[in-house]
Amino acid sequence: MRKAFSFVAAAALMSAIATAKEVKIGVVLPLTGPIAAFGQTSKGGLDIAYEQNHKLKNGDDVKLVVLDDRGDKVEAATAVKRLIDKDGVAVILGEVASSNSMAMAPVAERAHTPMITHASTNPRVTKGKKYVTRACFIDPFQGSVMAKYALENGMKKAVVVTDAKQDYSVGLSKAFKKAYRAGGGKILKTVLINSGDKDFNAQVSAIKATSPDIIAFTGYYPEAALMVKQARSMGIDTPFIGADGVGFPELVEIGGKASEGFMYTDHFNETAANSPEAKAYVEAFHKKYSKAADSMGALAADAYGMILSAMNQCIDEGKASDDKECINDKLRHTKEYSGVTGVITIDKNGNAVKSAVVNEVKKGDFVYKTTVNP
Amino acid sequence: MDLSTFLQQLVNGASLGSMYALIAIGYTMVYGVLRLINFAHGDIMMVGAFLTYFAVSFKFPFEAAVALAIFGSIVVGILTDKIAYKPLRNAPKISLLITAIGISFFLENLFNVLFGGVPRAFSAPEYLSKVMHFNGIYMPVTVVIIPIMTVIILASLLWILYRTKYGMAIRALAFDIPTVKLMGINADSIISIVFALGSALAAIGGIFYAVSYPSIDPLMGIIVGLKAFAAAVLGGIGSVTGAVLGGFILGFTEIFVVALFPELGGYKDAFAFFFLILVLLFRPTGIMGEDLERSRF
């Protein structure tokens, strides 16, 4: 067995020397399963960024190895292990759901392989990690944006809906409550749901009894769509505010008329994007998919761009393009990378400091309302 | 909790419970005959919902789409039996169980590959998605229609089982397959009928599930299939009336855990399954189940 292994390793080594060098980026996304829209939109943006550029300065080819984890944390961790051990990737890009990224991070950390998540916003994803970076803001900021927006619009009494199965939702609820109370708002009640549930009538009935000004929904779009629908059909017309986990076409398709007026914070809205990078991306996106560019795809494109930029910096320093330590160092020290979703600078904890936008569902479209800076 | 909220929660419990009951009947019937826990049941549900969705998007009227979907699901059910279960008729039960799990994964992944995993919006006709309104209590029409459907299905199932020759053959099969064969009955075709019935029930369950919760994806059958299975076990697996009872108990438990202890709402499934364990500790065969070896239906 050991002989066979070393033979394979030697063969792999020889082919690496003989042919033009190929650097692999491992991508882990929920391409199927309940949160498939996260993965599919991310992949859409990633494909555009890849088509725009997949050659490094020294002529090395970048190759994407994309694995589907079905939105499951165990599968996500297994996928990272496989990408590192079997495919020999230099970097990991993914996931979207914070719970899944948190399952992946220790695997990447142990293998000293840099990992960048484009869209996981829970602070614990990067906390205490040396090899994990992210291309998005974190939930304490996002929660305060939600709270501020609600309070500024005169909504002083809130019910918070938390998805007990998602670390994202638990963290975001906490951040929202803290900022909302600090701003003078009152939390009437917290109701718990589980992702995968479809019947929220019990929760909706409980919310109805408290008559709040606003319902702060911190979960993901599959539950948001069904919950807002069930709330409206029970005669509740209280507005909903969510975050970056709800702004997907499925919210409107499944929620139908009930989703009208659903507000949410997000990373990107193409009508507010005006940098040359964003314009080029949006144009390519329209050409390829003939629909509005979404935020997950834009973030994935930025994470990919940051990886390429890190690899090119390593090449400049005379290192190999797949030098994991060097790539990680460059990713963690990203400074003013101008991407699609804005200018990205990574702080000492591996988090990006960026502005957020607030959108609202109007006539089935995601309409830009405002931008909030950190 | 005031009275109107309480009544509303009762309606919610009946709505969810009747849904579980409808699906649990199919589970229990196949088990009653073949002693097979058909883990693919939840996935046949998904097939039924998807076929309806596709037929509707091809501009079929909803009723025709439902008929087509039920027919399609029956075909899928019979094919699974012929291809996967038939070669294992004389194999140990555990092989059959593992095959059923395999079929379940196969169907989920097949639909994932063919149609993608993004949830789709299921559009039901107006008369099924209406919400009635009395004195501040909101009641979707499905809350009335699903129990009626469940009773109709239950009655016709009992009629088939107790009043027809095929039913007699099915019941005989449940006791002793080799002896039934000796009597000159084609056991294989009778088993196919069982699967056809089970698949039709699953498809009806899947379609009503999609009408009530209009978001369908290839993995939608997993959780609800598991819940319906728990309902069937709670009521006494193999007993059709037990399945209905189990479905309602499970539905009310889930709703009232959230209603009475909102801060524990995240653990409602844990409560439902804890209740299941509790019942099984005192009545190992479930509420309506009798001696496992003696009772059939």
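Q: Which residues have the most contacts inside the largest nonpolar core?
A: In this predicted model, the largest nonpolar core has 215 residues. A nonpolar core joins buried residues through C-beta atoms within 7 Å, so some members can be ranked by their contacts inside it. Those with the most contacts are A:Val80, A:Met104, A:Ile307 and B:Ala49.

Q: Where does this core lie with respect to domain 1 and domain 2 of chain A?
A: The domain assignment of chain A gives domain 1 (2-137 + 274-355) and domain 2 (142-266). Both domains give residues to the core, so the core lies between them.

Q: Which residues are in contact with A:Val80, leaving aside its neighbours within four places in sequence?
A: A:Val80 is among the residues with the most contacts inside the largest nonpolar core. Another residue of that group, A:Met104, is also one of its contacts. The full list for A:Val80 is A:Val28, A:Ile92, A:Met104, A:Val107 and A:Ala108.

Q: What distance separates the centres of domain 1 and domain 2 of chain A?
A: Domain 1 of chain A is assigned residues 2-137 + 274-355, and domain 2 is assigned residues 142-266. Taken over C-alpha atoms, their centres are separated by 31 Å.

Q: Which element gives the most residues to the side of domain 1 of chain A that touches domain 2 of chain A?
A: The contact takes 14 residues from domain 1 and 15 residues from domain 2 of chain A. On the side of domain 1, the elements that give two or more residues are helix 2 (36-52) and helix 4 (98-110) of chain A. By class, this side has seven nonpolar, six polar and one charged residues. The element that gives the most, with three residues, is helix 4 of chain A.

Q: How many residues does each chain give to the contact between chain A and chain B?
A: The side of chain B that touches chain A has 15 nonpolar, 11 polar and three charged residues. The contact as a whole takes 31 residues from chain A and, from chain B, 29 residues.

Q: Which element supplies the largest share of the side of chain B that touches chain A?
A: Three elements of chain B each supply at least two residues of this side: helix 1 (3-34), strand 3 (137-140) and helix 11 (240-260). The largest share, six residues, comes from helix 1 of chain B.

Q: Are helix 7 of chain A and helix 1 of chain B roughly parallel or roughly antiparallel to each other?
A: Helix 7 (residues 201-208) of chain A and helix 1 of chain B pack with their axes 9 Å apart, at an angle of about 170°. Angles over 145 degrees count as roughly antiparallel. The two helices are therefore roughly antiparallel.

Q: Which residues of helix 1 of chain B meet helix 7 of chain A?
A: Helix 7 of chain A contributes A:Asn201, A:Ala202 and A:Ser205. By class, the contact of the two helices has one nonpolar, seven polar and no charged residues. The residues on the side of helix 1 of chain B are B:Thr5, B:Gln8, B:Gln9, B:Asn12 and B:Ser15.

Q: Is A:Ala202 buried or exposed?
A: A:Ala202 is found in helix 7 of chain A. It touches B:Gln9, B:Asn12, B:Ile255, B:Val258 and B:Ala259, not counting residues up to four places away in sequence. A residue with 20 or more other C-beta atoms within 10 Å is buried. A:Ala202 has 26 of them, so it is buried.

Q: Is A:Ser290 buried or exposed?
A: A:Ser290 lies in the loop between helix 10 (276-289) and helix 11 (295-316) of chain A. Its phi is near 40°, a positive value in a residue other than glycine. A residue counts as exposed if 12 or fewer other C-beta atoms lie within 10 Å. A:Ser290 has 7 such neighbours and therefore counts as exposed.

Q: How far apart in space are B:Gly225 and B:Gly42, C-alpha to C-alpha?
A: B:Gly225 is found in helix 10 (residues 220-235) of chain B and, with 27 C-beta neighbours inside 10 Å, counts as buried. Leaving aside its neighbours within four places in sequence, B:Gly225 is in contact with B:His41, B:Gly42 and B:Met45. Although B:Gly225 and B:Gly42 are 183 residues apart in sequence, their separation in space is 4.3 Å.

Key
Residues are numbered from 1 along each chain as its sequence is written. Chains are lettered from A and ligands numbered from 1 in the order in which they are written. This is a predicted model: local features need pLDDT of at least 70, side-chain atom pairs count only at pLDDT 80 or more; totals for chains, interfaces and linings use all residues. Two residues are in contact if their C-beta atoms, placed from the backbone, lie within 7 Å. Helices (H or I, at least four residues) and strands (E, at least two) are DSSP runs, numbered from the N terminus. Ala, Val, Leu, Ile, Met, Phe, Trp, Tyr, Cys and Pro count as nonpolar, Asp, Glu, Lys and Arg as charged, and the others, Gly among them, as polar. Domain bounds come from an automatic or database domain assignment. Axes are lines fitted to C-alpha atoms, for helices over the stretch in contact, and angles run from 0 to 180 degrees between N-to-C directions. Angles under 35 degrees count as roughly parallel, over 145 as roughly antiparallel, 65 to 115 as roughly perpendicular and the rest as oblique.
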